[in-house]
Amino acid sequence: MAAVQDGQLNMEVEKDIKTEITNDGSGNINANSSSPGSTSSGGKSKSPAGSGEDQQTLLAVLQFLKRNKLTESVDILRREAGLSADADDSPVSDSAGAGSGGVPNVSADGGDANSLLSRVSIATPSIETSSGFGCGSGGRACRLQCGEDQPDVNVVLSAYSQQGDPVLYPLYYNGLKKFIESVLDCHRAELSQVFYPLFVHMYLELVYNNHENEAKQFFEKFSGDQECYYEEDLRILSSMSKKEHMKGNETMLDFRTSKFVLRISRDSYQLLKRHLQERQNNQIWNIIQEHLYIDIFDGMPRSKSQIDAMSGSLAGEGKRDANKAKVFYGLLKEPEIEVPLDDEDEEAENEEGKPKKKKPKKDSMGSKSKKQDPNAPQQTRIPLPELKDSDKLDKIMNMKEATKKIRLSPDNLPSICFYSFLNAYQGLTAVDFTDDSSLIAGGFADSTVRVWSVTPKKLRRVKSAADLSNIDKESDDVLERIMDEKTASESKILYGHSGPVYGISFSPDRNYLLSSSEDGTVRLWSLQTFTCLVGYKGHNYPVWDTQFSPYGYYFISGGHDRVARLWATDHYQPLRMFAGHLADITCTLFHPNSNYVATGSADRTIRLWDVLTGNCVRILTGHKGPIHSLAFSPNGKFMASGATDGRVLLWDVGHGLMVGELKGHSDTIYALKFSRDGEILASGSMDNTVKLWDTLKAFDDVELDDFTAATGHIHLPENSQELLLGTYMTKSTPVIHLHFTRRNLLLAAGAYNP
């Protein structure tokens, strides 16, 4: 929906809008007003219903659908619009939609032509040509070809068909700039958000209408005024200097098909609206109506620092409505498994009191697992694999290890063990450790995956089928007997990919390994036979990351096609496709309860997806560069993210709010990991350092009552240096992975860069 419709509003209309805003509840301006540009020479408002522009618009679309033999869509549109069967046979006037620059107005009786158009574009995704560029309101799926043979549809659906005097564009922009610079300080920061999206769309409008020289001059004059974090976007934008460059351009599609979201207080918005009405500035108002979503809130305007904390993404801030859905961030109840106490006798040899001290710990642990977290999803909300006997044994081992876990604190920091990959000239691109820290795997640019044992136990393959038939299956050590000692080695190389490997992930039971590659596939490898079991084909472009669910069975992948896919190991097709990002998905991560998936993107946003419904339940903005690392706290309540801007941002998952900012790194952050108890966060960066942060203090200092999603106000404390517990330098080795062992020893990995 258009968040703001143009309007020369009288007192009566303003009253109607205020009433509707109250009913809406979200504070968004709905498309119910007329346009400041649609006034007659006498200065009176022109009635859109009387002009017949809606009718002409619909007829144009009907004719287009008929030409493409989409009869079912024609019938649906006729029914929705209440048109007779022969209505669309009449010729369409050349002036259809021209009064508002090809943007259909909304009739006074509530018939919304825009919603009908969007319904058509969504209901008929087959209207697509490979050479066209995005020009419908249906997004990327609706790429209509706007050729010379379709002038009527071109007027209605083309990207920038409004034709204004190109000489006046700098005057319009400069006039608005002077106005915003003259308003009170409290409004200036909020209204300044308009500069960037307005600049982009005015430039593209000039280019689209073949005013190349004027567009170049406009870009040179005002590009320097934009915020520094849009520098990369402006560089790409400057390459689109001719109309031909816009066709099929992904960046162009992003700007065209997604409205730029601005969060502005009602007082600031009223100032802007009044200024544009007084100046009769139709060109700017048309762009605001067509390409911006103004999310209005009641209350005090936000300060520059508050706005900067949340802005920076490709499409502005996330809408407040996007973060209102309830998220069940609690952990699932652990299965009740009795822990045998036999092994503790060994500990008693050194110190008699130890077993007695450990018993209460185990008891408390057991009682903790029996409690149901009120914020947790239902145990059966999504189907999870049943626990095998081997899984139960592993959980018992995990519980025993937990009793020996070191309690970390600012006064008791973890030891760090760094694994340096030497002579990695084939280019180390990804690393992962198993949960029990017994195996390490690396993905390389030469298309190979290599697995190492980091314990004295060597890697062995299962024996051949002929040898297995001779084994006594009833023997107690059958699992040991099936392994072939002749194949024992410290490492194994897995061949199969035909491009660099960018993501790898061990299954929780250590039986499988996932790898994703530039070749567009995700491969599942057996760690019993060290062979490829399945090649999952769904992505058409490089797959940058893949991650197993904490419970196994499910896994997520994301890549250059901007779509994250949810898979199950026994299905060759994805179970879910999560679409919404405007650029590559660079990192993926399951929530600890496996009901949600987080994706970080080059569009500088993080999205949280519900595995059950496929819906996006959180859009988190604030990073100023592509996001490359994500980490959930062990209790599932918080999340950390790292990006090329060198900042770590902390998020409250339940409220969908940023609660902290950790500054200190000078380069891209590729690795983040919370300690097992969640009290310390480790971050690894391309600046060759590992930093430890006191997240317990960061989260304890947060008063969530101070944050109100209704207004979008956020106060980030400048306490990065207080929270930094330590910085550890490597010898010219960028840190690309971090892992806390079950006893809270920190493992780090990277390739030595001579």
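This is a short walk through one predicted model, from its helices to its strands.

Let's start with the helices. Take α7, residues 169-182, and α9, residues 195-208. Their axes come within 11 Å of each other and cross at roughly 175°. That makes the two helices roughly antiparallel, because an angle over 145 degrees counts as such. Who touches whom? On the α7 side, the contact uses Tyr-169, Tyr-172, Tyr-173, Leu-176, Lys-177 and Ile-180. On the α9 side, look for Phe-195, Leu-198, Phe-199, Met-202, Glu-205 and Leu-206. Sort the residues of this contact by class and you get 10 nonpolar, two charged and no polar. Keep the general rule in mind: an α-helix has 3.6 residues a turn, so residues three or four places apart point the same way.

Both helices come back in the next stop. That is α15, residues 282-291. How many of its residues are buried? Nine of the 10, so to speak of this helix as mostly covered is fair. The buried set is Gln-283, Ile-284, Trp-285, Asn-286, Ile-287, Ile-288, Gln-289, Glu-290 and His-291. What covers them? The cover includes α7 and α9, together with α13, α14, β1 and β2. For your bookmarks, α13 is 250-257 and α14 is 266-279. The strands are β1 at 260-265 and β2 at 292-297.

Next, a single loop residue. Asn-323 sits in the loop between α16, 304-310, and α17, 344-348. Is Asn-323 buried or exposed? Its relative accessible area is 15%, and buried means under 20%, so Asn-323 is buried. Leaving out residues up to four places away in sequence, Asn-323 touches Val-617, Arg-618, Ile-619, Leu-620, His-655 and Gly-656.

That takes us to the repeats. An unreviewed UniProt entry places the feature "repeat: WD" at 421-462, 494-529, 536-577, 578-619, 620-653 and 662-694. Look at two of these. Residues 494-529 are 0% helix and 53% strand, with end C-alpha atoms 10 Å apart. Residues 662-694 are 0% helix and 61% strand, and here the ends are also 10 Å apart.

Now zoom in on β28, residues 689-694. Six of its six residues are buried, so the rest of the structure largely encloses this strand. Thr-689, Lys-691 and Trp-693 point one way. Val-690, Leu-692 and Asp-694 point the other way. What does β28 pair with? One partner is β27, residues 680-685, antiparallel over five bridges. There, Gly-684 has Val-690 as its bridge partner. Three residues lie between the strands of this hairpin, and Asn-688 takes a positive phi near 65°. Another partner is β29, residues 724-729, again antiparallel over five bridges. In that pairing, Leu-692 stands opposite Gly-726.

Last stop: an open sheet of three strands. The order is β3-β31-β30, and the pairing is mixed. Which strands stand at the edges? β3, 416-421, and β30, 737-740. Each has a single partner strand, so one side of each is left without a neighbour in the sheet. From one strand to the next, the twist averages 20°. β3 pairs with β31, residues 746-751, in the parallel sense over six bridges. To find that pairing on screen, pick Phe-418: its bridge partner in β31 is Ala-748.

That's the tour. Questions welcome.

Terms used. Residues numbered from 1 in each chain as written. Predicted model: local features only at pLDDT ≥ 70, side-chain atom pairs only at ≥ 80, totals over all residues. Heavy atoms only, no water. UniProt positions renumbered as here; feature names shortened; annotations may be inferred. Helix = DSSP H or I, 4+ residues; strand = E, 2+ residues; numbered from the N terminus. Pairing = 2+ DSSP bridges. Axes fitted to C-alpha atoms, helices over the stretch in contact; angles between N-to-C directions. Parallel < 35°, antiparallel > 145°, perpendicular 65-115°, else oblique. Contact = heavy atoms within 4.5 Å. Nonpolar A, V, L, I, M, F, W, Y, C, P; charged D, E, K, R; others polar. Buried < 20%, exposed > 50% of the residue type's maximum accessible area, 1.4 Å probe, protein only.
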